[in-house]
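Hi,

Here is the structure I promised to pass on to you. Have a look at it first, and then read on for what turned up in it.

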Amino acid sequence: MYLSILSANVTFTIHMADAWSQTTTGMANSSRTFSDVRNVILSAHKNTGAQDKVGFYDTWAENYEQDVALLDYRAPLLAAECVSSFFRGDREKAAVLDVACGTGLVSAHLKKMGFRHFVGIDGSLKMLELAKKTGLYQQLTQYLLGQDEVPVKSETYDIVIIVGALSVGQVPLTVIRELWDATKPGGYVCMTTRGNPDNRKYKAELEQMIRALEEEQKWSRVTVVEVEEWEKAVSEQDSGYIPGAIYLYQKGFKCIP
């Protein structure tokens with residue numbers, strides 16, 4: 001998922017068996033160009049308020065998957081491959097929490113790799129409507145992270161994954177401890193971020209937070225992957241592709257509360 005914003009408290013939960021009272025309207029625009037996508041991404045990076053962000057992603061939802069394809073956005077696949085490479089449990093029984101799930105790109109890749117049980121949370125109702133149509137998720141919840149805790153029970157998930165949302169102007173770093181809390185002892189937390197100039201300060205602060213949890217013996221590093229070609233550059237100060245990073249950590253079996 002690319003930059004799905006979660007930053008305040010909304011508690012609307014969608015269970016897959018529930019009747020869905022709203023339908024998605026409109027079709028993706030097949031004539032969109034990279035220039036169109038560039039303008040959208042630059043708008044997404046602006047540091048606006050939570051409700052403005054939600055409105056932005058609701059508006060973008062119909063064109064989202066087409067746009068990230070034009071962007072050659074590789075994070076969902078790369079993060080899924082990273083998790084798949086190190087996970088040693090029973091994939092068909094593993095519970096996956098897909099944070100900032102968007103339309104379901106990450107979980108779609110994980111399903112191809114043998115995982116079957118997905119719960120998704122995202123701030124955009126329109127994104128969740130499209131995620132529901134995939135049939136991937138047992139439960140979807142609209143929730144804005146940042147002011148209140150993630151709406152899940154502690155130590156519930158074998159894998160907690162957040163792709164695309166950890167960047168400047170998007171999800172606050174305070175959510176990292178909440179991701180850890182939602183993970184079962186021995187489970188995995190997978191996080192990604194961009195490495196281009198306008199996100200370097202956020203990336204450094206993210207890595208500082210990750211190290212702090214490691215020093216507290218909350219989790220241990222499995223792997224950190226620096227990727228040179230993360231997605232096509234959109235800002236004037238970048239060219240070609242921008243870099244990104246994947247962080248995979250395993251929660252300790254004996255954790256300090």
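A polar contact here is a pair of N or O atoms within 3.5 Å, where one must be able to donate a hydrogen and the other to accept it. Please keep in mind that this is a predicted model.

With that cut-off in hand, start at Gln142: a polar atom of its side chain lies 3.1 Å from the backbone oxygen of Gly123. Gln142 belongs to strand 4 (residues 137–142) and counts as buried because its relative accessibility is 13%, under the 20% limit. Its C-alpha atom is 7.4 Å from that of Leu128, although the two residues are 14 apart along the chain.

Leu128 brings us to helix 5 (residues 125–133), whose buried residues are Leu125, Met127, Leu128, Glu129, Leu130 and Ala131. Within this helix, Lys126 and Glu129 sit three residues apart, about one turn, and form a salt bridge with the closest N and O atoms 3.8 Å apart. Glu129 is buried at 2% relative accessibility, while Lys126 is partly exposed at 26%. Just after the helix, Gly135 has a positive phi of about 75 degrees.

Next, the strands. Strand 5 (residues 157–162) is largely enclosed by the rest of the structure, because six of its six residues are buried. Strand 2 (residues 95–99) runs parallel to strand 5 and is joined to it by four bridges, with Val96 partnering Ile159. Strand 6 (residues 183–194) also pairs with strand 5 in the parallel sense, over five bridges, and there Ile162 stands opposite Met191. The chain gets from strand 5 to strand 6 through helix 6 (residues 175–182), in a right-handed β-α-β crossover.

As for packing, the largest nonpolar core has 43 residues, and Tyr73, Val83, Leu110, Phe115 and Ile161 have the most contacts inside it. Apart from it lies another core of 31 residues, including Tyr157 and Trp180.

You may also like the charged pairs: the structure holds eleven salt bridges. One of them joins Asp67 and Arg32 at 2.7 Å, N to O. Asp67 is in helix 2 (residues 50–70) and Arg32 in the loop between strand 1 and helix 1, 35 residues apart. Asp67 is buried at 0% relative accessibility, and Arg32 is buried at 15%.

Lys251 and Glu155 form another, at 3.6 Å. Lys251 lies in strand 8 and Glu155 in the loop between strand 4 and strand 5, so this pair ties together parts 96 residues apart in sequence.

Best wishes

Technical notes: Residues are numbered from 1 along each chain as its sequence is written. This is a predicted model: local features need pLDDT of at least 70, side-chain atom pairs count only at pLDDT 80 or more; totals for chains, interfaces and linings use all residues. Side-chain values use heavy atoms; hydrogens and water are left out. Buried means under 20% relative accessible area, exposed over 50%, partly exposed in between (1.4 Å probe, protein chains only). Helices (H or I, at least four residues) and strands (E, at least two) are DSSP runs, numbered from the N terminus. A nonpolar core is a set of buried Ala, Val, Leu, Ile, Met, Phe, Trp, Tyr and Cys residues joined through side-chain atoms within 4.5 Å. Two strands pair if DSSP finds at least two bridges between them. A crossover is right-handed if, with the strands pointing away from the viewer, the path from the first strand over the helix to the second runs clockwise. A salt bridge is a side-chain nitrogen of Lys or Arg within 4 Å of a carboxyl oxygen of Asp or Glu.
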